[in-house]
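Here is a short briefing on one chain. Please keep the sequence and the structure in view while reading.

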Amino acid sequence: MNKIDISALITRARGYFNISPFLIPQAEAEQTIREGVSFRGTNLLVLIVAIFIASLGLNTNSTAVIIGAMLISPLMGPIIGIGLAVGIHDFDLMKRSFRNLLTATLFSVATSCIYFIISPVNEGHSELLARTSPTIYDVFIGFFGGAAGILAIGSKAKGNVIPGVAIATALMPPLCTVGYGLATLQAHYFIGALYLFFINSVFIALATTVGVRLMNYAYRDFSNPARARRVRNTVYTIAIVTMIPAVYLTYNMIVTNTYNNNCNRFVESEFQFPATQVLNYRTDNINGQRTLTVTLMGQSLPQDSLLAMMDGKLAAYHLNNTRLRIIQGNTIGTDDLKTTSSAMLRDIYSVTQATITAQQHTIDSLRQLVSRTVSLDTMAPAITPELRVVFPQISNIAIAHTVECDITKDRTDTLTVALVGYSNHMTVAERDRLEAYLRARLSLPKLRIIPISKP
């Protein structure tokens, strides 16, 4: 019973993934791909216009313009043509696709190079920089983008897959960045972007080859199976070799991200001081020596003791081979000031304002304490002439502010006391009148009279 249920479940699952009823005939799909392979006439002009648009988008750092250029670009045509040719053993189509892809690449790079030579703005923006360090994720994007593309071409329902694939695989921006690197003679732009374009092209073509085999497209040439096998092996070898640098770059990226996260945890957890704050921190890797530089603002701390204490905590955050450098407000040099950005200056201003505010609160509290102390010191001499007339029984008086502790209720409270010496006996009523007088005269709601001598 269980075997029958499992078998039925597997059959039903296969039904969901059966694409045969949704495919157009092979001849129709091939015709669509073959028409997009050629780069002559309007196709070539559209490519040049798209390159100009993408270059403008990269130059102005406009994502919307770059997306528009990717949507109108015909670059995917020869790449999918190569994948189809490998999958169905059509070697004439393969040669034509390679030739047209090379033509499109050269025209694209030349167009973007000319643009960036004449462009008055030659600064590399984030959209350019993002296309100079490809990783294994770009391999996956290219492969799955190509898979979606061939499925859309071979399917009856096209939908919005092709425009989405054009945006996801991003063939135009890398070529524009190659032209930028060539125009400005910056090798890291040229090599990084060219490698990204190569990744996208190889894995879109590979996904197309796998796709046409899964869709059971018929072979065109059965006469030379050995040649077909060599071509397939070459394609797979190129794909594997193409992945190796991407895997290495991905590994470096993960290591760098992990290191930066460890540095962030170290700074946030350990650099907690009452009157000193972290302004910023940065990491450097020069000739294999990693350095973490932390800039502090506020009250200066003992430099040697602080450095020794923090060095001992680096191992707990997996920062064993990191040299720690601490810069305090009075040790910032010229080189550090040159690297201070406007954002850092705003941070300095915010930290300084917070420090000044905290110090002002402390000053105000101390002023109130001093004022209250001075006021108490001058109260007794101020009322002495009046006491001689109103209460001649008093021989001396002292007024002080203290803290009273209620032992039974474990509670404390502030209290003003009047230490009174008498030359003549005072009745209870006279003492109550004296207490009321002192409270009213000195504006003290809480006052207690303590006799210090008796007649």
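What should the twelve residues of helix α2 span, and how far apart are its end C-alpha atoms? At 1.5 Å a residue, α2 (residues 26–37) should span 16 Å, and its end C-alpha atoms are 17 Å apart, which agrees. The model is a predicted one. The points below move from α2 to the sheet, the cores, α11 and two loops.

**Helix α2**

- Ala29, Glu30, Ile33 and Val37 are the buried residues of α2.
- Viewed down the axis of α2, its buried residues stay within an arc of 100°, so they line one face of the helix.
- Ala27 and Glu35 sit on the other side of α2 and are exposed.
- Three helices pack against the buried residues of α2: α5 (76–88), α6 (91–118) and α8 (136–154).

**The sheet**

- The sheet is open and has three strands, in the order β1-β2-β3, with mixed pairing.
- Which strands stand at the edges? They are β1 (276–286) and β3 (322–327). Each has a single partner strand, so one side of each lacks a neighbour in the sheet.
- On average, neighbouring strands of this sheet are turned by 20° against each other, direction ignored.
- β1 and β2 run antiparallel and are joined by ten bridges.
- Across that pairing, Val294 in β2 is the residue opposite Tyr281.
- A hairpin links β1 and β2, with two residues between them. Asn287 lies in the turn and has a positive phi of about 55°.
- β2 (residues 289–298) pairs with β3 in the parallel sense, over six bridges.
- Thr291 has Arg323 in β3 as its bridge partner.
- In a regular strand, side chains alternate between the two faces of the sheet.

**Helices on the sheet**

- Helix α12 (residues 225–270) lies across β1, β2 and β3. Its direction is at about 155° to β1.
- Helix α13 (residues 303–311) also packs on the sheet, where it touches β2 and β3. The direction of α13 makes about 150° with that of β3.

**Nonpolar cores**

- The largest nonpolar core holds 48 residues.
- Which of its residues touch the most other members? They are Leu47, Leu75, Ile80, Leu84, Leu171, Met172 and Tyr217.
- Helix α5 supplies the largest share of this core, eight residues.
- Leaving out residues up to four places away in sequence, Met172 touches Leu47, Ala50, Ile51, Ala54, Ala69, Met70, Ser73 and Leu75.
- Another core, of 20 residues, lies apart from the largest one. Its members include Ala380, Ile394, Leu438 and Leu444.

**Helix α11**

- α11 has 28 residues. From first C-alpha to last it reaches 40 Å, close to the 40 Å expected at 1.5 Å a residue.
- Ile191 lies in α11 (residues 187–214).
- Is Ile191 buried or exposed? Its relative accessibility is 54%, so Ile191 counts as exposed.
- Ile191 and Thr132 are 59 residues apart in sequence. Their C-alpha atoms are 7.5 Å apart in space.
- Asn200 is also placed in α11. With a relative accessible area of 3%, Asn200 is buried.
- What does Asn200 touch, not counting residues up to four places away in sequence? Its contacts are Asp138, Gly142, Thr169, Ala170 and Leu171. Leu171 is also among the residues that touch the most other members of the largest nonpolar core.

**Positive phi in two loops**

- His89 is in the loop between α5 and α6. Its phi is near 60°, a positive value in a residue other than glycine.
- His89 counts as buried, because its relative accessibility is 8% and the cut-off for buried is under 20%.
- Asn216 is in the loop between α11 and α12, and it follows α11. Its phi is positive too, near 60°, again in a residue other than glycine.
- Is Asn216 buried or exposed? Asn216 is exposed, with a relative accessible area of 62%.

Terms used:
Residues numbered from 1 in each chain as written. Predicted model: local features only at pLDDT ≥ 70, side-chain atom pairs only at ≥ 80, totals over all residues. Heavy atoms only, no water. Helix = DSSP H or I, 4+ residues; strand = E, 2+ residues; numbered from the N terminus. Expected span 1.5 Å × (residues − 1). Buried < 20%, exposed > 50% of the residue type's maximum accessible area, 1.4 Å probe, protein only. Arc of directions from axis to C-beta. Contact = heavy atoms within 4.5 Å. Pairing = 2+ DSSP bridges. Axes fitted to C-alpha atoms, helices over the stretch in contact; angles between N-to-C directions. Core = buried A, V, L, I, M, F, W, Y, C linked by side-chain atoms within 4.5 Å.
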